[in-house]
Amino acid sequence: MTPDQILFIVTALISTLAAVMVVSRRNMVHAALFLVLTLFGVAVAFVLLEAPFLAVVQVLVYIGAIAILMIFAVMLTRNVTDDSGDPFNKNARVGGLAALFVFSLLVVMFGGWSQFTAYPQAGDTSGSIVQLGVALTAADGYVIAFEVASMLLLGALVGAIFVVWPRQNENE
Amino acid sequence: MHNSWLFIGIFILVAGVFPALPIILFHIFGPKRQTPEKLETYECGMETVGQTWVQFKVQYYIYALIFLVFDVEIIFLYPWAVAFDKLPLLGVAAGVLFIFLLADGLWYAWQKGALEWS
């Protein structure tokens, strides 16, 4: 086995185990932290697939933003640790069977796809981010989308503050 | 082929091992003469009150949301910054406009008093 294969197997095992822990932990804070570990495993997988930008996005957006937001939401909820109910509902068995069915279907489908086992070409991918940067801001590229994204983020920011900010008459 | 990533891997490993090693070594070699007072939770010398698992004030959430927006902004600015010396003037201006539009949002948050603690 090549070092890459060993690294992939270790990463896949860690992220799968962490994913199982996410759904099985009673303590929601711990579940959220295991989710961070799972997402980090995915980031490592992106690195192994020669997609450095996606790895950076994975770490920044999913670990840096989404997971933090989830941890915030969990910390705002009551009784993060006191939940004594059964975490599995009565459809757990049916759900497991459905998941198994979909998984085996995916294995069959991807097994027949010749590109599935193709390993990404080892090469210098450091130029791809430069190309992306040039294309994002080029007039014949995606500059409009780039600026629209900025407007969208501005709208999200203003909207978030507007929704969360207490109204004057509701102030205590 | 992942050489530049190998450095990050080594850093992550060192960052984990470095703080863990003294803790583990202390657990193995440290003397264990425990008294009830020693086993109490240490919090700046104050006696601790209540549980650790408390709810946080909802006001923290606005900080998380503002952080989220600027975190996503980084994604767009990262390729722009990497390609900075290969960009035409228009490309640089586009990035500056991008930052300006979001600085606008920060200004709004500031004016609204969302960054102030009340």
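What is the mean pLDDT of chain B, and what share of its residues reach 70 or more? In this predicted model, chain B averages a pLDDT of 83, with 97% of its residues at 70 or more. Among the elements of chain B, helix α1(B), residues 3-29, has the highest mean pLDDT at 89, while α2(B) has the lowest at 86. For the complex, the predictor reports an ipTM of 0.73 and a pTM of 0.78.

Turning to how the two chains meet, 40 residues of chain A are in contact with 42 residues of chain B. On the chain B side, α2 (60-82) and α3 (89-112) each put in at least two residues. The largest share comes from α2(B), which supplies 18 residues of the side that touches chain A. Sorted by class, that side of chain B is made up of 32 nonpolar residues, five polar ones and five charged ones. So α2(B), the element with the lowest mean pLDDT in its chain, is also the one that gives the largest share of the chain B side.

One helix pair can be followed across the chains. The axis of α3(A), residues 52-76, comes within 10 Å of the axis of α2(B), and the two cross at roughly 175°. Angles over 145 degrees count as roughly antiparallel, and that is why α3(A) and α2(B) are described as roughly antiparallel. From α3(A), the contact draws on A:Val56, A:Val57, A:Leu60, A:Val61, A:Gly64, A:Ala65, A:Ile68, A:Leu69, A:Phe72 and A:Leu76. Facing them from α2(B) are B:Tyr60, B:Tyr61, B:Ala64, B:Leu68, B:Asp71, B:Val72, B:Ile74, B:Ile75 and B:Tyr78. By class, this helix-to-helix contact has 17 nonpolar residues, one polar and one charged.

Elsewhere in chain A, helix α4(A) runs over residues 92-111. Its 20 residues reach 28 Å from the first C-alpha to the last, close to the 28 Å expected at 1.5 Å a residue. Helix α4(A) is hardly covered, and the count of buried residues along it is zero.

A:Met21 sits in helix α1(A), which covers residues 3-24. A:Met21 has 16 other C-beta atoms within 10 Å, and because burial calls for 20 or more and exposure for 12 or fewer, A:Met21 comes out as partly exposed. Its C-alpha atom lies 9.6 Å from that of A:Ala32, a residue eleven places away along the chain.

Technical notes
Residues numbered from 1 in each chain as written. Chains lettered and ligands numbered in written order. Predicted model: local features only at pLDDT ≥ 70, side-chain atom pairs only at ≥ 80, totals over all residues. Contact = placed C-beta atoms within 7 Å. Helix = DSSP H or I, 4+ residues; strand = E, 2+ residues; numbered from the N terminus. Nonpolar A, V, L, I, M, F, W, Y, C, P; charged D, E, K, R; others polar. Axes fitted to C-alpha atoms, helices over the stretch in contact; angles between N-to-C directions. Parallel < 35°, antiparallel > 145°, perpendicular 65-115°, else oblique. Expected span 1.5 Å × (residues − 1). pLDDT = per-residue confidence, 0-100.
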